[in-house]
Amino acid sequence: MSEARERILGGIRNALGRGQLDPNTQAQLRARLAAHSRNLIPARATALDDARSVDLFIAMAEEVQATVARVGAFSAVPDEVARYVAAENLPAELVAALDPNLDVIPWEMRPLLRIRRGRAEAEDKVSLTPCHSAIAETGTLMLVSGRETPTTLNFLPDTHIVLVCRCQIVATYEDGFDRLRAERGTGRLPRAINFITGPSRTADIEQRIELGAHGPRRLHIVLVEEDRVTASVEKSQQHKGAER
Amino acid sequence: MLATSRNFEANARAGLADDNLQRALGLARTGFPLRRRLATERLPEFEELREEGRAIKDHTLAHLDFYLELYESNVVASGGKVHWAPTPQEACAAVRQICRSVGAKTVTKGKSMVAEEVGLNEFLEANGITPIETDLGEYIIQLRHEPPSHIIAPAIHLVKEQVAETFRAEHHALDPARSLSEPRQMCDEARAMLRPRFLAADVGITGANFLVAETGSSIIVTNEGNGDLTQTLPRVHIVMTSIEKVVPTLEDAATLLRLLARSATGQEFSSYTTISTGPRRPGDLDGPEQYHVILLDNGRSALLGTEFRDMLRCIRCAACLNHCPVYAAVGGHAYGWVYPGPMGAVLTPSLIGIEEAGHLPNASTFCGRCESVCPVKIPLPKMMRHWRDREFAKRLNPPVYRSALSLWAWTARRPALYHAVAELAARTLGWAGRYRGRFRSLPLANGWTAVRDMPAPEGRSFHSLWAERRK
Amino acid sequence: MRVALFVTCLVDLFRPTVGFAAIRLLEQAGCTVEVPRAQTCCGQPAYNSGDRADAKAIALQLFDAFAGYDHIVVPSGSCAGMIRVHYPGLFADDPVNLPRAEDIASRTWELTSFLVDVCGMEEVTAHYDRAVTYHDACSGLRELGVKLQPRQLLGSVVGLRLEELSDAEVCCGFGGTFCIKYPEISDKMVTDKAADIAAAGAEAVLAGDLGCLLNIAGKLSRQGRRIEVRHVAEVLAGMTEEVPPIGAPR
């Protein structure tokens, strides 16, 4: 063990007037950690039913200059994306996450939309990603890094489009953590969890808020009412239909 | 960073006379408190959350060794490395060693007050490595060779004309005839200038608002996205942080995060709050290959056993700065070091010594506004007073001041004498000011009468009048 | 109720009227008021300068002077705060005197808070035909929660129209020893306060602390602004016809 480490830990124990914590106390602290108890959770989002949760999420996201479009099904996503890039005068070229959740989208309906799957590079103008959860409390998107969800998609391009499934909307950050823990069991956290609330901004010059400091200037949320599982079943049936 | 806190009086005077600074401070002085108030009014549970935030921090500090050890083991298990740095020199040396191991030439930096504290930029430059600040405010002041004047808004002391002037002077390749009258244009210019630097950097250094013991994670809370680009693009990510930033669980972090943005800028949540755990995983397409944490002590562990312990709860939101009338009058540079405002007044003497920083805890009226807005309820005036206690015990106050105080106290303990002196003073001054009711100048009171009139006493002391009426 | 008045240094020297106004109000509220002779200062100047020893010595004297009264009433938020909030801390490691400190702390009140919160006073009989604004002195506000009480009583003063300052709760820059140690910073703070007062369109500004009032009055006077400055007690006690405002010619 490093000497510097011992100096610091020794300094702490010295200042606290004790040696290392006794095993009993250590056990209690470990129990506290394992329990992941929630502290006080604001009632704002927790008391809401599904529909109101969605409304709150949208209202909070729009408040911080994210734009939100609601579509009924995954099959409507290509139209919405095409509409959005045209309306914002953006090139119809996107870099998108490799997440298989995006595979249920019938991109072939909009062949003029060119989609490259992978990480973002400096020249990319528009990215498209899924999210892990959407936090109603503050209109915050929770995105998680992984081999299929590279982080650069969230920060390099000027415009970031995020697909949110209605079933991903949860009340609080703690709900997001619990979902992640349930998926991963005792495994490590992903390298990065990005909580994104609106586009990039700064107020460093005379307190005036300007969007698009270094991260995306535009954050467009496409809220899909359909459940992803249903969509994938439909899509695979389409394929089967096409194969006959 | 070199301290000029000793020169607080002259620094403050310069700040008061600086028209640009006064204009810039005027913008901040009303904006921040209003936004904070609106955000806290919107969350009914805010006061309870303050109490919870205090409890989480106190609990952690009481078991800091345990949580730091756990934190380290989780960083290591995620593929990262922790470098324990008792002193600024050791922190800088660790950074140099990491940079050299990858042959780093340029380093992008997210905002880190700990990096300021250890003088990292000067150190890197002296060792042939170029640090590039990427937070817009930090970028601006790096170009101007100035220190930050605020812990979350480093360039708050500037008006836009000054920023434009700096950009024109430093961005040589751009068209001199271009318009730079609006913040929008300057933001776009900074974005364009910094983008290639982000992409080319060998190492990215960020700070950390919190460290999570349960998972071995670091958390940064930003709005621009520069912190995320800094820690994602280069091969190496170094987290420059200090020992008191650790919290036990993600749930504890969530509580403190609810307090932080609201207290700092009045936002519900910052644009980007990122929890980072270790380097890229096998199969990841991006992310750093190496993840290092520099854990600085620099006197913080010693504070645990003192009456300044509560200061270690600080989450660096700057609410105290934003509500302090002294900060609003003189600006951050007057304080002469990394940490200005009320939190700086308490922390700076503990890090650089009371002899150097003695003015800071004295330049306060103890109005208490700072304490009333601190999200983790740090009793800032009380701790400033503790510094004054120490200064008094060490006889650091000016002798004439000590004598005057001593004389006052001596007299106050002798009521009969006190009353006689008060009556005499009331009669004398009352008589001298009997027509005009005020003095435009008064011997020995030049500090007052240079800028204000002194109202004249009514002419008798209360106690002598009362004694007469009782007869 | 048998109450004792703690006059405070500034009232004693500069403006006894405030003390007499306090007594009149307390008697209106049904109290018998005494003024113990052995009182001098609350010890704040020493305490805030790091001289705890002198502060304690002065406090002990105060314990003796004010023993035996139901309540101690103070026409100053900062002095009342010193006794009520800080005395117990001052004697925290003195087991002999700590009980006395806690006892006296629990019996000590700022004037308007005492009248409203303890005596239940809801209105006064006074008139003061002015557009008035109110400065919330810091210690009273933050240490003792004095905010609504003076406004409630002022609400009953005939002819008085209250306009709130946009920065009523921002420090005026007096701060006891601060205005002497850092005069330029103090000046900036009081200049801002004066501008706020003028912007409120006030004919008069009131507060519950004479230190703030001397500071503000001195600044307004130097600026040539004819805005009256008075202690809130004088207005509530109906003494505004008898006594000129602070810093005004007689």
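Look in chain B for the loop between α18 (359–362) and α19 (369–373), and you will find B:Phe366 there. This is a predicted model, and B:Phe366 is a good place to begin exploring it. Its phi is positive, at about 55°, although B:Phe366 is not a glycine. Is this residue buried or exposed? Its relative accessible area is 11%, and buried means under 20%, so B:Phe366 counts as buried.

Now hop over to chain A for another residue with a positive phi. A:Gln65 is not a glycine either, and its phi is near 70°. You can find A:Gln65 in a loop too, the one that runs between α4 (50–63) and β1 (67–71) of chain A. How much of A:Gln65 is accessible, in relative terms? The value is 38%, and partly exposed covers the range between under 20% and over 50%, so A:Gln65 is described as partly exposed.

Back in chain B, let us visit a strand. B:Thr222 belongs to β6, which covers residues 217–222. With a relative accessibility of 16%, B:Thr222 is another residue that counts as buried. Which residues touch it, if we set aside its neighbours within four places in sequence? B:Thr222 is in contact with B:Asp228, as well as with B:Ser270, B:Ser271 and B:Tyr272.

With those details in hand, step back and take in chain A as a whole. Chain A holds 8 helices and 12 strands, and its C-alpha trace spans about 70 × 50 × 40 Å along the principal axes. The chain is divided into two parts: domain 1 takes in residues 1–35, and domain 2 takes in residues 42–243. How far apart are the C-alpha centres of these domains? They lie 42 Å from each other.

What about the inside and the outside of this chain? Chain A has 244 residues, and 55% of them count as buried. On the outside, chain A exposes about 10500 Å², with carbon and sulfur atoms supplying 50% of that area.

Contacts tell you how the chain comes back to itself. Take the contacts in chain A between residues at least 6 apart in sequence: 73% of them join residues at least 24 apart.

Finally, consider charge. Chain A carries 32 positive side chains and 33 negative ones. Try picturing the centre of each set: in chain A, these two centres lie 5 Å apart.

Terms used: Residues are numbered from 1 along each chain as its sequence is written. Chains are lettered from A and ligands numbered from 1 in the order in which they are written. This is a predicted model: local features need pLDDT of at least 70, side-chain atom pairs count only at pLDDT 80 or more; totals for chains, interfaces and linings use all residues. Side-chain values use heavy atoms; hydrogens and water are left out. Helices (H or I, at least four residues) and strands (E, at least two) are DSSP runs, numbered from the N terminus. Buried means under 20% relative accessible area, exposed over 50%, partly exposed in between (1.4 Å probe, protein chains only). Contact means heavy atoms within 4.5 Å. Accessible areas come from the Shrake-Rupley method with a 1.4 Å probe; for residues, only the protein chains shown count as cover. Lys and Arg count as positive and Asp and Glu as negative; His and the chain ends are not counted. The place of a charge is taken as NZ of Lys, CZ of Arg, CG of Asp or CD of Glu. Domain bounds come from an automatic or database domain assignment.
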